[in-house]
Each structure stands twice: as C-alpha cells, then as structure tokens.
Amino acid sequence: MEQDGTIRSDPRYAWREGGGFAPPKRSATERVSDFLEIYSFLDERTAREQALRCIQCPEPTCVEGCPVNNRIPEWMGLVADGRFAEAAQVLQASTCMEEVFSRLCAHPCEARCVLEGRADPVAINAIERFLHDYGFSHGAVDVTIPPLNGLSVAVMNAGPCGLTCAYDLARLGYAVTVYDARSAPGGLLAQGIPRFRMEQGLLERRLALLERLGVRFQLQARPGVAPTLRELRTQFDAVFFGAALGQVRPLEIPGAELRGVHQGLTFIVQRNVQAPIEAPPIEVCARRVVVVGGGDVAMDCLRTALRSGAKDVLCVYRRSQAEMPANPFEYENAREEGARFEFLAAPVAVLGDASGNVTGLRCVRTRLGEPEADGRPRALPLPGSEFVLPADVILVALGFTAAGFQAEGDLDQLALTPQKLIQTDDNSMTNLPGVFAGGALTRGASAFLDAVTDARKAARAIDAHLAPRRAASLAPIGPQPHA
Ligand SMILES: Cc1cc2nc3c(=O)[nH]c(=O)nc-3n(C[C@H](O)[C@H](O)[C@H](O)COP(=O)(O)OP(=O)(O)OC[C@H]3O[C@@H](n4cnc5c(N)ncnc54)[C@H](O)[C@@H]3O)c2cc1C
Ligand code: SF4
C-alpha cells in the first residue's frame, strides 16, 4: 500500500507481504468480561492488502478445500480492486449463510492456499466475514424476489439444514414453508452457539432475508401428526426432512449422578436463551469447573464458564491436542482466555462429599495406541497412574449419539437404514417419491458444514425432480397454438 492510499499492484511480490497476519480480535482480558463477539472486522485497507496477496491460481486449491466450493479467487480479485459491493454479491450468489460459515467453519481453504508453507495463507476467512458485513451494511444484498414458479416445497427443520434448503429453493422461485417443532427458528444457531462466537443479530438478519424471499414459518409443528406426512404430500409438490437427531452422550462412570455433574450443552443453552428451559440453573460463579471432552461444545463450555465467573476452568481430554476435534483456533481462543488443559487423561470416577455434591474427578493417564475406526489413535489407560482433579462442577461434552429417527405419526412410512437413519438414494430421495431427506437424519449427528452441504444437494435434487412439473406450471395458460 502506498502513502496516498493506493494499493501497490505488482503481483510478483504482493503474496510475500502481510506476513504474521492474524484476524483482529479483542484482548483476552476484555473479552472474558462479556459475551460479545471476539473478532472485529477487517478495515477496507487491510482487506485489500490481504486480497492482493492472492495470486489467482489457475486451478485454485482453496476452492477445492472449501466444502461449499466458494468462488474465492473471483471475490478476492474484486476485493483487491476495492469493488467490495460486487465481491459481496459474488459471495452471496455462490454460497449460503456465509455469516455462519465464516464463524463456524475451520477454514480448510486457508490450509489449501498455495502460499501456505511459503508465506502466511491469504486471510480468506477474515475477508469472507468482512464481505458479509459489508454487503448488509451497504445494501449490497440481492433481495430480488424471484418470480414464483407455481410449485411449493415443505421443509421440516428451521435449523441451518432446513434454512439452507429453504433459501436455495426460494431463490429458484418455489413457495417454501418451513416447519419446526420449537417456538423459534434457528436450531442450534439460536440455542447452542454462544454469542461470543456468533452474535444473535446475524441469525435474525438471515431469517428476515428468508422472509423477504417469501419463505413462511410454521412453528410448534409436529410433522407426522400435525401436519401428517399425507397432508404435506397433498399440499406440497415436494417435502424435505432435515431435522436433527441425536442425544448428548452421557458420562458413564461411577458418581456421574452426583450433584454438580451436568451436560455441557444444557449449560450453554441456559446462557444463550432467555426463556427458562426444563433444567435447574447451572451455577459456576466462583467454582472450579472441569469440562470433559475435546470438541467444539467442550471449547464453548470452557469459554462460557470463564465468562460466567468460574474460579478455575480445566479441560480433560483423553488424547493429545493434535487429535482434538475442536477447531484449532477455538482451542487457542480458550487457552488465551484462561482455560487450562489436561491432555492424555480420561475420567474414571466422579468424587463427592457426604451431601452428594461433587468434590473432584478421578482420572487416569492415557497413552495413544492403534488407530480406531475413525482413524484417531485409541486412548489406552496407563495402569497405576490415577490422580484426582478437584472440582465443584463437571460439564460433560462427549458429543452426540445417533439416537436414530423416531418416527412420529405417519412418518413410519419412511424406510430406515439398519442404523435407524432415513434411507435415501443418491439424489437424497427417500423411499417415497417427492420426499427428500438430508443432514443428521441421513448421516447421524453432524457438523454445520455437513448439514448445509446435504441441504444444498437436496435442494438441487428437488429442483431436478420437479423440473418437468415446473415447465408445465410455467406453460402459458389458455388454448395452446397447434393443440
Ligand atoms: C455448542 C455447539 C458448538 C458447535 N460448534 C460448531 C462449530 O464450530 N462448527 C460446526 O461445523 N458445527 C458446530 N456445531 C454443530 C452445529 O451447530 C450443527 O451441526 C448444526 O446446527 C446442525 O444443523 P441442523 O439444522 O442439522 O440441526 P439443528 O441446528 O439442531 O436444528 C434442528 C432443528 O430441527 C428441529 N426439529 C427437531 N426435531 C424435529 C421434528 N421432529 N419436527 C420438526 N422440527 C424438528 C429443532 O427444533 C431444530 O430447530 C456446534 C454445536 C453446538 C451445540
Ligand atoms: S472459511 Fe470455510 S466456507 Fe469460507 S471459504 Fe474457507 S473453507 Fe469455504
């Protein structure tokens, strides 16, 4: 960048510059005192500097690395030229829920950037966040209401999976109605993701956009009962099932029933949602908190406990840091904020006092053995290595078990796999013509990326399935020439 504000455009060297770039974020001390987002946006100048480092590879590996094949070089080129509004529109046209992706995605695009290893990768994720915000704050969001194509689709689930499918179909001119069992849309985005990772206003903005595109919401519904599947198939041209399934995995060791052992997700939801939920409040202020697990929920528990005034916050994980399923940058954020980590340790018993309150967690040291089915090494206990961690509260974050699809009412017509997931063909269609499914219902508990990828695939499949009827519904009304 030159003194006068112009960007130096010599592509031979630009990629080397900007070394040591880290997205701007608030200090750890400041951020643990509130629940506000920790990252701030790039300014226009830094966004352009970073975008200029993109060398516009003819076969961009970043796009291959992106689960939604974002058209990264295209919007990068526009950002480098300072054409932010156009860049934001290209981003919106190619992806969906970029505000969520740029916060929850582990940005594998940057790991695949050709600069990685020679210089810092281009800050793709930070620019994606910048562009989403720029688009909305500068009116560069395409809210053109597409002409209706005469066909309608019912979507079961107002979580990211259903919202994505609804968005893609509404953009194609379908009249979409989204049904959800809860009284508010958003799924885990509304309840599970802490505000310091994704502020609530972003979900509201997305929902408002969907409503402008004509998407209708029917909340507190019980698909299979009210409405029945039969009714849905009569009233709509296609139906998509994307509701989540799965139950939190319990801690199955002696003492797990003691007062002070809670599911981490319940703790997070209590802090996220104002409305009371069916569980006694979990108090961590001035207490010693031990979180068991190493995934995204565990990191969110640690960071939520720190913001809730816990005296000491410790994570126990049975493998090493390298095997932790949590996003590496969220691990760093938790560490910066004061969370401590005990790797290669597994819980064996919860300890309590005579009144039934938790006093500690007995653990055993582990070593890594042969790989398990998922490729990660087995954690093997080391005999005679037990030790006790003092604790007042234990938050369990051991992931989800695929509880299987619970067919309510006439949903029992849907064929299931041996794992009790909804059976679909390569085009996401179930055994019932015109009824599609995706996300956790077909693959088991899944990450945001999987839910959204399945939803987009299903939207394309629904559009292809309805193509003959779409053409018919758009045919001119009245007597046909040469009929
Ligand atoms: C604390 C936490 C942190 C996370 N962090 C990350 C992360 O960093 N990266 C990542 O990729 N993923 C993360 N995830 C996972 C991510 O939130 C989920 O993968 C994503 O929300 C799945 O979307 P979904 O639409 O399939 O399900 P959900 O978000 O669970 O939404 C399901 C919706 O379906 C509705 N529903 C359920 N049953 C029925 C029914 N029978 N009829 C009608 N509606 C029904 C529910 O009311 C809900 O609204 C995290 C999850 C949690 C809890
Ligand atoms: S952050 Fe994730 S969604 Fe965004 S461009 Fe990178 S890989 Fe794609």
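Which residues are around ligand 2? In this predicted model, the residues around ligand 2 are Cys 66, Pro 67, Asn 70, Ile 72, Phe 101, Cys 105, His 107, Pro 108, Cys 109, Ile 124, Asn 125 and Glu 128. By class, the residues of this shell divide into eight nonpolar, three polar and one charged, and the space that ligand 2 takes is the second largest cavity. Two helices, H7 (108-111) and H8 (124-137), each supply at least two residues of the shell, with H8 giving the largest share, three residues.

Helix H8 appears again when one turns to helix H2, which spans residues 44-52 and in which Ala 47, Gln 50, Ala 51 and Leu 52 are buried. What covers these buried residues of H2 includes H8 together with helix H4 (72-80). The spacing of such positions along a helix can be read against a general rule: an α-helix has 3.6 residues a turn, so residues three or four places apart point the same way.

On the scale of the whole protein chain, the assignment gives domain 1 (14-137), domain 2 (152-246 + 402-474) and domain 3 (250-399), so that domain 2 is written as two segments of the chain. The centres of domain 1 and domain 3, taken over C-alpha atoms, are separated by 32 Å, and 13 residues of domain 1 are in contact with eleven residues of domain 3.

Some details of the backbone remain to be described, and they are best read against a general background. Most residues other than glycine have a negative phi, and most peptide bonds are trans. Met 97, although it is not a glycine, has a positive phi of about 55°, and its place is in the loop between helix H5 (84-94) and helix H6 (98-104). Met 97 is buried, with a relative accessible area of 1%.

Leu 344 likewise is not a glycine and has a positive phi, here of about 50°, and this residue is found in the loop between strand S9 (340-342) and strand S10 (345-352). What is the relative accessible area of Leu 344? The value is 27%, and Leu 344 is therefore partly exposed, whereas Met 97 is buried.

The peptide bond that joins Ala 226 and Pro 227 is cis, with omega of about 5°. Pro 227 lies in the loop that runs between strand S3 (216-218) and helix H12 (229-235).

Terms used:
Residues are numbered from 1 along each chain as its sequence is written. Chains are lettered from A and ligands numbered from 1 in the order in which they are written. This is a predicted model: local features need pLDDT of at least 70, side-chain atom pairs count only at pLDDT 80 or more; totals for chains, interfaces and linings use all residues. Side-chain values use heavy atoms; hydrogens and water are left out. A residue is near a molecule or strand if one of its heavy atoms lies within 4 Å of it. On a 1 Å grid over the protein atoms alone, a cavity is a set of points where a 1.4 Å probe fits but cannot get out, and a pocket is an open set with protein on both sides within 12 Å along at least five of seven lines; lining residues have an atom within 4 Å of a point. A molecule sits in a cavity or pocket if more than half of its atoms lie within 2 Å of its grid points. Helices (H or I, at least four residues) and strands (E, at least two) are DSSP runs, numbered from the N terminus. Ala, Val, Leu, Ile, Met, Phe, Trp, Tyr, Cys and Pro count as nonpolar, Asp, Glu, Lys and Arg as charged, and the others, Gly among them, as polar. Buried means under 20% relative accessible area, exposed over 50%, partly exposed in between (1.4 Å probe, protein chains only). Contact means heavy atoms within 4.5 Å. Domain bounds come from an automatic or database domain assignment.
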